[in-house]
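Colleague: I would like to go through this fold with you. Can we take it piece by piece?

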Amino acid sequence: MHLIYIYYRGGTTMYVIRVLIKKAIKIQNYLLFVSSLFLVLFASFLIFQVEKESFPSFFDGFWWVMTTVTTVGYGDYYPVTVAGRIIALFLYIFGIGLIGVVIGKVVDGLASYRIKREEGDIMFKGEKHYIIIGWSHKAKFSIKEMLDTDQSIEIVIIDDLDKAPMLEENIYYIRGNASDRDTLQKANITNAKAVLVFADEKILDDQLADGKTLLIASAIESVAPNVHTIVEVMEESHIKNFEYMKVDEFIISHETISSLFVRSAFRKGISSVYSQLLRRSHGDDLYHIPLSPSWKTYRDAFEYLLEHGATLVSDRDNLSINRMLDNTLSKEAELYVICDKETYDRLLLVNK
């Protein structure tokens, strides 16, 4: 009978502990973390006051409490009085359970965030990022080129895939319809630096593909009219429809490839020239160069850059630099040069 009573009392205690842990799990995270912090600090202060010989300082008490509730138990500090051991028993029963719940919630939160990132169920809050709409082989290559240009940039991919097609420290994925305002707002499009819209390669009809791209461009214009937008257009005749959407730049997919094929046929090796200008992986590249206060005319800039190993080729999309050398250089000019990476880095240092 006595054994049954002891078993009953033990079972009751374990039941109470289980109920308390279940209640703790349901507590809001903020309150749970605050309660845990209070418990640790209060227990550290209490053991320091009760056993000053065993715990000479508050930090010693804090150290013992932390090793106790995390079940590390180094044994370098331990209570010897009855009051100190009662505090220890309290930590064994309630402290370890409470801290275990906190650690479990932290681990669960990290795992949940990882799953949400993979499934694209996140809200991006960064700024000056690049948004890529429509996953494809061209989008994948574009991301590689962007990271080759600047490893520190952040990129947000928008598509309706079940899982993120690419996920890195600075690459994020948002699942949804790109023509939907909520999806664009999840990508924080109003604070983006640029948006690249790729044609849907699953749509074989060029007119339908451009129609989908036009719908997305319309949504972007309604949400973030000031963001720099570049779209891939399958047919050049459709560009006039995009101009109403105030799209900044167009990349004509089929015409660009066809033109490169024809030029390569008439001039052998010309494709490698285009490749070097478009890719960062080898050869000379096209770079934007900051203006120098000493440059008054295009000639000043042209001669200075040429002396340092770079060739000035354009101001924005104006390629007629050689016919306007004596013109005054505007403060709003955006100059582009052809040079290698070492020369470009050197020019940036000189012009600082």
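Modeller: The turns below go from overall confidence to single residues.

Colleague: What share of the residues score at least 70 in pLDDT?

Modeller: This is a predicted model, so confidence comes first. The protein chain averages a pLDDT of 80. Over residues 1-10 the pLDDT is below 50, and this stretch has zero contacts in the model beyond near neighbours in sequence. The share scoring at least 70 is 82%.

Colleague: How many helices and strands does the protein chain have?

Modeller: Some context on the chain helps. It has 352 residues, and 36% of them count as buried. Of the contacts with a separation of 6 or more, 61% are between residues 24 or more positions apart. The secondary structure comes to twelve helices and nine strands.

Colleague: Which strands stand at the edges of the open sheet that holds β7, β8 and β9?

Modeller: The strand order is β7-β9-β8, with antiparallel pairing. An edge strand has a single partner, so one side of it is left without a neighbour in the sheet. The twist averages 35° from one strand to the next. The edge strands are β7 (285-289) and β8 (311-315).

Colleague: Which residue in β9 stands opposite L286?

Modeller: Start from the strand pair. β7 and β9 (residues 335-339) pair in the antiparallel sense over five bridges. Within β9, the residue opposite L286 is I338.

Colleague: At about what angle to β7 does helix α12 run?

Modeller: Two helices deserve a look here. Helix α11 (residues 298-307) packs on the sheet and touches β7, β8 and β9, with its direction at about 145° to that of β8. Helix α12 (residues 341-350) lies across β7 and β9. Its angle to β7 is about 5°.

Colleague: Now the parallel strands. Which residue in β5 is the bridge partner of A194?

Modeller: β4 has parallel partners to consider. Four bridges join β1 (residues 130-133) to β4, and there Y130 stands opposite A194. Another four bridges join β4 to β5 (residues 228-233), again running parallel. In β5, the bridge partner of A194 is H228.

Colleague: Is the crossover from β4 to β5 right-handed or left-handed?

Modeller: Follow the chain. It leaves β4, passes through helix α7 (residues 206-223) and reaches β5. That is a β-α-β crossover, and its hand is right-handed.

Colleague: Are the β4 residues A194, V195, L196 and V197 buried or exposed?

Modeller: Take the two directions in turn. A194 and L196 point one way from β4 (residues 194-197), while V195 and V197 point the other way. On either side the verdict holds, as all are buried.

Colleague: What kind of aromatic pair do W295 and Y304 form?

Modeller: The count comes to seven aromatic pairs. For W295 and Y304, the rings are 5.6 Å centre to centre, with 55° between the planes. Stacked needs under 30 degrees and edge-to-face over 60, so the angle fits neither. The pair is tilted.

Colleague: Why does W295 count as buried?

Modeller: The cut-off for buried is under 20% relative accessible area. W295 falls under it because its relative accessibility is 6%.

Colleague: Which residues do ring pairs link into a cluster?

Modeller: Ring pairs can chain residues together. Here the linked cluster is F55, W64 and Y77.

Colleague: Last one. What is the relative accessible area of T67?

Modeller: T67 has its place in helix α3 (residues 58-69). Leaving aside residues up to four places away in sequence, T67 touches V72, G73 and Y74. T67 is buried, with a relative accessible area of 8%.

Note on methods. Residues numbered from 1 in each chain as written. Predicted model: local features only at pLDDT ≥ 70, side-chain atom pairs only at ≥ 80, totals over all residues. Heavy atoms only, no water. Pairing = 2+ DSSP bridges. Axes fitted to C-alpha atoms, helices over the stretch in contact; angles between N-to-C directions. Contact = heavy atoms within 4.5 Å. Buried < 20%, exposed > 50% of the residue type's maximum accessible area, 1.4 Å probe, protein only. Right-handed = clockwise from strand over helix to strand, strands pointing away. pLDDT = per-residue confidence, 0-100. Phe/Tyr/Trp six-rings, centres within 6.5 Å; stacked < 30°, edge-to-face > 60°.
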